[in-house]
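User: I am new to this structure. Please take a close look at a single part of it, and then follow the parts around it.

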Amino acid sequence: MPLVFGIDSTVLVLVTGIAVVICIVAYLVVKKIQATKKTKLHKIAADPFRIPLRVQKIPVNTKGISPNQGAIVASAPHPTEINCIHGMTDISQSLVALAEKYSLDEITLATSDGLLMASSHRTPAADDIARYCRIYTTNPLVRFPGIMLFGVEHKGSSLVGIAKIKGRVLQEPDQDLICDTKDILHWWI
């Protein structure tokens, strides 16, 4: 057998052949992995049981979902006759009137990702707003004593209403409160 660089040519051909086969196998494995990822990406389908946040209906008087068992479940008090739009100078005054109309301590509107939009309170806590928006976005059915969370759709944006209630009661959002909130948003924004 002839020698090339002091190595038997048969060994050199064998090593070269093995290296070529390893490269081909590695190439095929990489292509297979990429094809599998693309196939999985195209097979991702929406969960048929998930309802998008903006169209979810919140059932009234949902019991047993509160983290605090000592709370009392109550319906919203009957609103007083207050006009929340006319005679107000800005959206904050309208929200103050809305809070008074529904016997709330305060009401805050924020984007679903936790950015403050407007509030009846001068300095609402940004951490609380972000926390409640995150909780509502994750599970709109959760209830906390003294806090009422509700969703409002406005000009294609999902907003979260955070209302602080007098006393330690669990309260469901009243449809009239949501309608009045939408009217305020349409008037000012």
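Analyst: Let us take helix α4. In this helix, L177, I178, D180, T181, I184 and L185 are buried. Seen down the axis of α4, these buried residues fall within an arc of 165°, so they line one face of the helix. Keep in mind that this is a predicted model.

Which exposed residues sit on the face of α4 turned away from its buried side? They are Q175 and H186. So much for the two sides; now the length. Helix α4 has 14 residues, 175-188. At 1.5 Å a residue they should span 20 Å, and the end C-alpha atoms are 20 Å apart, so the expected and modelled spans agree.

What do the buried residues of α4 pack against? The list has one helix and four strands: α2 (91-101), β4 (104-111), β5 (116-119), β6 (147-154) and β7 (157-165). Those partners are worth a visit.

Start with β4. This strand is mostly covered, with six of its eight residues buried. Confidence in the chain is highest here, at a mean pLDDT of 90. Strand β4 pairs with β7 through seven bridges, and the two run antiparallel. One facing pair is T111 with L159 of β7. Strand β4 also pairs with β5, through three bridges, and again the run is antiparallel. Here L109 stands opposite A118 of β5.

The turn from β4 to β5 is a hairpin with four residues between the strands. Within this hairpin, G114 takes a positive phi near 100°.

Now pick out one residue of β4. T108 is found in this strand. Is T108 buried or exposed? Its relative accessible area is 4%, under the 20% cut-off, so T108 counts as buried. The side chain of T108 makes a polar contact with the side chain of S119, at 3.0 Å. Beyond its neighbours within four places in sequence, T108 is in contact with L116, A118, S119, P124, I129, V160, G161 and I162.

Next come the loops that join these partners. S103 lies in the loop between α2 and β4. Phi of S103 is positive, about 55°, although S103 is not a glycine. S103 counts as partly exposed because its relative accessibility is 32%. K155 is in the loop between β6 and β7. K155 is not a glycine, yet its phi is positive too, near 50°. With a relative accessible area of 62%, K155 is exposed.

One more loop leads into β6. This loop runs between α3 (126-138) and β6, and R143 lies in it. P140 has its place there as well. How accessible is R143? At 2% relative accessibility, R143 counts as buried. P140 is buried too, with a relative accessible area of 9%. The two are linked: the backbone oxygen of P140 lies 3.1 Å from a polar atom of the R143 side chain. P140 can also be placed relative to G151. These two are eleven residues apart along the chain, and their C-alpha atoms are separated by 8.1 Å.

Now step back to the whole chain. The chain has four helices and eight strands. Along the sequence they follow the pattern β-β-α-β-α-β-β-α-β-β-β-α. Of the 189 residues in the chain, 31% are buried. Among contacts with a separation of 6 or more, 61% join residues 24 or more positions apart.

How far can the model be read? The mean pLDDT of the chain is 77, and 72% of its residues reach 70 or more. Confidence is lowest in strand β3 (residues 72-74), at a mean of 47. Two stretches call for care. Over residues 44-57 pLDDT stays under 50, and the model has seven contacts beyond four places in sequence for them. Over residues 60-75 pLDDT also stays under 50, and there the model has 26 such contacts.

To return to the helix: α4 has its buried residues along one face, and they pack against partners that include β4.

How values were computed: Residues are numbered from 1 along each chain as its sequence is written. This is a predicted model: local features need pLDDT of at least 70, side-chain atom pairs count only at pLDDT 80 or more; totals for chains, interfaces and linings use all residues. Side-chain values use heavy atoms; hydrogens and water are left out. The expected span of a helix is 1.5 Å times one less than its number of residues. Buried means under 20% relative accessible area, exposed over 50%, partly exposed in between (1.4 Å probe, protein chains only). The arc is that of the directions from the helix axis to the C-beta atoms. Contact means heavy atoms within 4.5 Å. A polar contact is a pair of N or O atoms within 3.5 Å; within protein, one must be able to donate a hydrogen and the other to accept it, and residues adjacent in sequence count only if both atoms are side-chain atoms. Two strands pair if DSSP finds at least two bridges between them. pLDDT is the predictor's confidence in each residue, from 0 to 100.
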